[in-house]
Amino acid sequence: MRNIFLSLTLIALMALPLTSVFAAGEVAIYTGITQWIGKAAADEQAEICVGMLDDAGITNTWYDSDGQAGDLADWMESATGNGALDICVLYGDFPPEIYPEGNAQTDGSIAETFIETTDGDVFINHADYMFWGLAGRNREGGLQNMMDIDGIVMWDDDTPMVVTSEGADISPSLTDYASDRPFHTDELDGDWEIEVSLAQNDDGTRADPIIVRDGNLGRLIPMIQTNGGDEPKGAIAAEVITWLMMQTPVEPAGKLSTTWGELKAVR
Amino acid sequence: MRFSEVRIPRWRGFLTSLLVLLILMLLAFACHERASSPLVGTLPIQTITTPKDEAVMVYVPAGEFLMGTSDADIEHFKEIFPLRDIARFDNERPQRSVFVDAFYIDKYEVTNIQYKRFLAETGYVPKQYLDYPPHNDPNFPAPVLEWEDAVAYAKWAGKRLPTEAEWEKAARGTDGRHWPWGNEWDGTKLSGNDGTGLKDGYKETAPVGQFPQGVSPYGAHDMAGNLWEWVSDWYDPNYYRTSPPNVNPKGPETGDGHVLKGGGWAENLDFTRCANRQGGNPGSLIRGFRCVIDAPPEE
């Protein structure tokens, strides 16, 4: 009887991390329109990200045409409040199909609703001011409305970002660099809090990448918000997504499939 | 002793005259240098005021200057931008000597009061003009986000946008300096970003001409910071490597958007360098412009 109890406990303990795997949802990557980063460069990074997610067994869809913003909106509505952790990756643009342009819908947009459930859903943004939108259709208001924080901004450039120990564990591809539009941690308000700062400046007032979470609701992840440069945005995104889905550190990019191979063997 | 007996020997008189002449020549030479030196921004600057837009313009003489970024600069950048990928500076290389004819350039960025006068007189409807706070006070630079809207203003004023070469010469003079005031970064000399956002006293842009200590060698203000500035050239990141003309270059025939220069109020060391050039999708760069006219040949 005691052995049976121990076995059941062991099985339950082994099942715990697998539960989070099964609770993981899907990833949508949108490069139909990009902002500040060229589309070709964004597609190149997205392709790397897709490859690594495929290797990790994470379901993903890449919307690479501007005509697919409506499909992205459909995906987002279906992923909202579905009990799974879903992640949308943007490259600077914020399609009007999910957030009406000019901040016309300050509350209740498809995008905002996406991050306002206990699923913990996520927006990742690369390469420019988060939610700025093509040609500045939202400007600072995009981020401020999405976070419901008046006055929060992402200005700065040449800001040194030094990888934290957590950042190094989560994303081995992340190295020290200079961010052009880092997140201002000293402007967080309400229930928003830092979940993990992966790279930050000396006093921690600026960070990029960083995972911030709205209490037990959704998350935002500004990630390598630079103009140009060769930072491996796609690989870093894949590593952070994998960590979020797994809630466990991963191996460097080249070893991801090995790690998942071992996990699959356990399963 | 008779007067005739105390006369100065002829050879001493000749020496005295020579000395006086030498002193006068030295004085004249010194004055000439002070008046014409292109590298000292506090000295007399030749200006005109154009009637249509009532803009003060400063004179930039004909001649050569160093355009772009040299290998030595790159070594310096490794120290001041240790976290930047050096490949980031490839679009500024190689540095070359470029000749441009004499021209006048607006002393300040085109302001809202000037741009609104243009809109009122012509009925022109800009594609993207940020006519709202905190950018739209009369003496603030006009945030004209689209290149075509800047060109339309320039035509109305009887002017044109500067070429990238003209803009860069007006900003850095002839000696290849990094910023309009020299080679050392100084965040007090521009409407720029110090990491806290309010060091210069302005939330975002500043009224034009508020940072005279950062004036360019020819007397142009705000060539670093405040608003990014449109120039007439198309943007091609590889243009400098194609051995372009070194006399009055006008940029490639076509490209990925138009070149932006000078950095903006949100920027810091790197983007505000005179040689920095941005093209393609300008992203969250807030941009404006200033204009030029050709100077008469005799100047």
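Author: Two strands count as paired if DSSP finds at least two bridges between them. Please keep in mind from the start that the model in front of us is predicted.

Reader: How many bridges join β6(B) to β8(B), and in which sense do these strands run?

Author: Two bridges join β6(B) to β8(B), and the two strands run parallel. One pair of residues to look for is Trp228(B), which stands opposite Arg287(B) in β8(B).

Reader: In what order do the strands of this sheet in chain B lie?

Author: The order is β7-β6-β8 in chain B, an open sheet of three strands in which the pairing is mixed. The edges are held by β7 and β8 of chain B, each of which has a single partner strand, so one side of each has no neighbour in the sheet.

Reader: Which strands of chain A does β3(A) pair with, and how?

Author: With β1(A) the pairing is parallel and extends over five bridges, while four bridges join β3(A) to β4(A), residues 122-126, again with the strands running parallel. To follow this in the model, find Val89(A), which is the bridge partner of Ile29(A), and then Leu90(A), which stands opposite Asn125(A) in β4(A).

Reader: Which residues of β3(A) point one way, and which the other?

Author: Leu85(A), Ile87(A) and Val89(A) point one way, whereas Asp86(A), Cys88(A) and Leu90(A) point the other way, and all of them are buried. The strand is accordingly described as mostly covered, with six of its six residues buried.

Reader: How should I read a helix?

Author: An α-helix has 3.6 residues a turn, so residues three or four places apart point the same way. In helix α3 of chain A, residues 69-79, the buried residues are Leu72(A), Trp75(A), Met76(A) and Ala79(A). Around the axis they span an arc of only 100 degrees, which puts them on the same side of α3(A). Gly70(A) and Ser78(A), on the other side of α3(A), are exposed.

Reader: What do the buried residues of α3(A) pack against?

Author: They pack against β1 (24-30), β2 (60-63), β3 (85-90) and α4 (110-114) of chain A. After α3(A) comes Gly81(A), which has a positive phi, near 65 degrees.

Reader: Which residues of helix α4 in chain B are buried?

Author: In α4(B), residues 147-156, the buried residues are Trp147(B), Asp149(B), Ala150(B), Tyr153(B) and Ala154(B). Their arc around the axis is only 165 degrees, which places them on the same side of α4(B). What covers them includes α3 (112-122), β6 (228-234) and β7 (258-261) of chain B. Just after α4(B), Gly158(B) takes a positive phi of about 75 degrees.

Reader: Can a loop residue be read in a similar way, and is Asn276(B) buried or exposed?

Author: Asn276(B), in the loop between β7 and β8 of chain B, is buried, because 23 other C-beta atoms lie within 10 Å, where the cut-off for a buried residue is 20 or more. Leaving aside neighbours within four places in sequence, Asn276(B) is in contact with Glu92(B), Gly263(B), Asp270(B) and Phe271(B). Asn276(B) and Tyr235(B), for their part, are 41 residues apart in sequence and 12 Å apart in space, C-alpha to C-alpha.

Reader: What is the idea behind a nonpolar core?

Author: In soluble globular proteins, nonpolar side chains tend to be buried together. Here the largest nonpolar core has 75 residues, and those with the most contacts inside it are Val89(A) and Ile241(A). Helix α7 of chain A, residues 233-246, gives the largest share of this core, eight residues. Not counting residues up to four places away in sequence, Ile241(A) touches Val27(A), Leu53(A), Ile58(A) and Ile87(A). Another core lies apart from it and has 47 residues, among them Ala55(B), Ala171(B), Met223(B) and Leu260(B).

Reader: How many residues of chain A are in contact with chain B?

Author: There are 23 residues of chain A in contact with 21 residues of chain B. On the side of chain A that touches chain B, the elements giving two or more residues are β5 (159-163) and β6 (177-179) of chain A. By class, that side of chain A has eight nonpolar, eight polar and seven charged residues.

Conventions:
Residues numbered from 1 in each chain as written. Chains lettered and ligands numbered in written order. Predicted model: local features only at pLDDT ≥ 70, side-chain atom pairs only at ≥ 80, totals over all residues. Buried ≥ 20, exposed ≤ 12 C-beta atoms within 10 Å, placed from the backbone. Arc of directions from axis to C-beta. Contact = placed C-beta atoms within 7 Å. Core = buried A, V, L, I, M, F, W, Y, C linked by C-beta atoms within 7 Å. Nonpolar A, V, L, I, M, F, W, Y, C, P; charged D, E, K, R; others polar.
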